[in-house]
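Here is a short report for a reader new to this structure. Take a look at the sequence and the model before reading on.

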Amino acid sequence: MNKAVLILLLLAPGLSRAQQGGSGDAATAGTVPTSVNFPIERVQTPAAADLYCAGFISKPLTSKDKYVAGGLESPHTVRFANGDAIYLHGGGYEAGQQYTVVRELKDPNRYELFKGQWAALKAVGQPYEELARVKVLDTRSKMAIAEVEFSCDAPVPGDFVIPFVEKPAIAFHLPMRFDRFAPPNGQLSGRIVLAKDFDSELGTGGTVYVNLGANQGLKVGDFLRAVRTPVTVVHDAVDSLSFKSTTTEETQTKPAAIDPRFLTKTGGPVIHTADMPRRAVGEIVIIGTTPTTATGMIVFSMEPVHVGDGVELDQQ
């Protein structure tokens with residue numbers, strides 16, 4: 001009996017490491033696993049606010065006859081919060097029904113974060129912000145009266161209401177190894193086309209929208225790996241400036257040339273950015289889907305995730 005206990009104690013650390021490593025453990029041929037190329041990935045679990053305030057991109061609403069018309073103190077108050085009574089325009093409301101208040105969005109800055117962003121967005125749909133959940137209290141007048149039960153941001157007159165849908169819980173894996181330099185895995189791939197609040201760089205907890213959806217088989221709970229290639233950096237208006245700066249030392253007899261052209265050759269070593277390995281920058285869990293898009297939350301990031309970064313399905 002004592003020998004059996006001793007053997008179990010000796011095996012316990014190894015079993016623990018195996019559980020932490022999971023299917024993504026750094027036992028890949030051709031690698032030397034360290035904390036640099038295989039750091040431990042510990043994911044952040046989405047809270048209720050992350051799920052119900054995430055927003056989405058979808059085809060434009062087919063019916064726009066239901067919307068916020070005002071509130072108890074209209075026209076003196078036009079922004080509403082938890083506990084406020086608001087008036088809903090339209091018909092078909094029933095007492096006790098719950099609705100989600102959404103806002104059809106436009107970016108006032110009109111600045112493309114990557115070349116072709118607006119065309120990519122037009123192809124997949126219209127961005128919407130999820131603002132609040134409301135419950136219908138009274139339908140005796142021409143307008144229904146509802147109470148704001150939960151708010152992410154302040155609804156205002158003109159924001160639309162759609163039926164509330166409960167969002168499923170998401171299962172998460174144990175901490176595991178994150179392969180920062182994994183080559184393409186041949187799985188479903190796409191791109192981050194927009195971020196919540198029109199952000200351009202995001203960290204853990206940020207919300208992004210990708211041009212993959214249920215039509216491609218993506219579902220809630222799937223994980224996507226956000227990746228960036230040096231070629232993407234070269235074509236970025238801001239990040240590419242670093243490649244144009246001096247990267248050599250005066251003591252070098254023939255400095256290296258990065259992506260040289262006819263007039264920029266140095267006679268020294270030639271470096272092609274297209275040959276550099278891509279790097280994984282973060283992990284995204286899908287928290288909502290439409291036929292053509294998906295909403296994801298960044299649950300782990302090694303560096304800022306950019307709008308325009310590529311994504312691929314990560315089989316956990």
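The report covers a barrel first, then two residues in loops.

**The barrel**

The model is predicted. Six strands form a closed barrel, in the order E10-E12-E17-E16-E13-E19, and their pairing is antiparallel. On average, neighbouring strands of this sheet are turned by 45° against each other, with direction ignored. One of the pairings joins E12, residues 207-210, to E17, residues 294-301. These two strands run antiparallel and share four bridges. Val210 stands opposite Ala294 of E17. Backbone hydrogen bonds are what pair the strands of a sheet, in a parallel or an antiparallel way.

**Two loop residues**

Asp179 sits in the loop that links E9 (176-177) to E10 (189-195). Asp179 is buried but has no salt bridge. Arg225 is its nearest side chain of opposite charge, at 5.2 Å. A salt bridge needs a distance within 4 Å. A polar atom of the Asp179 side chain lies 3.2 Å from the backbone nitrogen of Phe181.

Phe164 belongs to the loop between E8 (160-163) and E9. Its relative accessibility is 18%, so Phe164 counts as buried; the cut-off is under 20%.

The table lists distances for these two residues.

| Residue | Partner | Distance |
|---|---|---|
| Asp179 side chain | Arg225 side chain | 5.2 Å |
| Asp179 side-chain polar atom | Phe181 backbone nitrogen | 3.2 Å |
| Phe164 C-alpha | Arg133 C-alpha | 7.2 Å |

Phe164 and Arg133 are 31 residues apart in sequence. Leaving out residues up to four places away in sequence, Phe164 touches Tyr52, Gln98, Tyr99, Thr100 and Arg133. With neighbours within four places set aside, Asp179 contacts Asn37, Phe38, Arg225 and Ala280.

Conventions:
Residues are numbered from 1 along each chain as its sequence is written. This is a predicted model: local features need pLDDT of at least 70, side-chain atom pairs count only at pLDDT 80 or more; totals for chains, interfaces and linings use all residues. Side-chain values use heavy atoms; hydrogens and water are left out. Two strands pair if DSSP finds at least two bridges between them. Axes are lines fitted to C-alpha atoms, for helices over the stretch in contact, and angles run from 0 to 180 degrees between N-to-C directions. Buried means under 20% relative accessible area, exposed over 50%, partly exposed in between (1.4 Å probe, protein chains only). Lys and Arg count as positive and Asp and Glu as negative; His and the chain ends are not counted. A polar contact is a pair of N or O atoms within 3.5 Å; within protein, one must be able to donate a hydrogen and the other to accept it, and residues adjacent in sequence count only if both atoms are side-chain atoms. Contact means heavy atoms within 4.5 Å.
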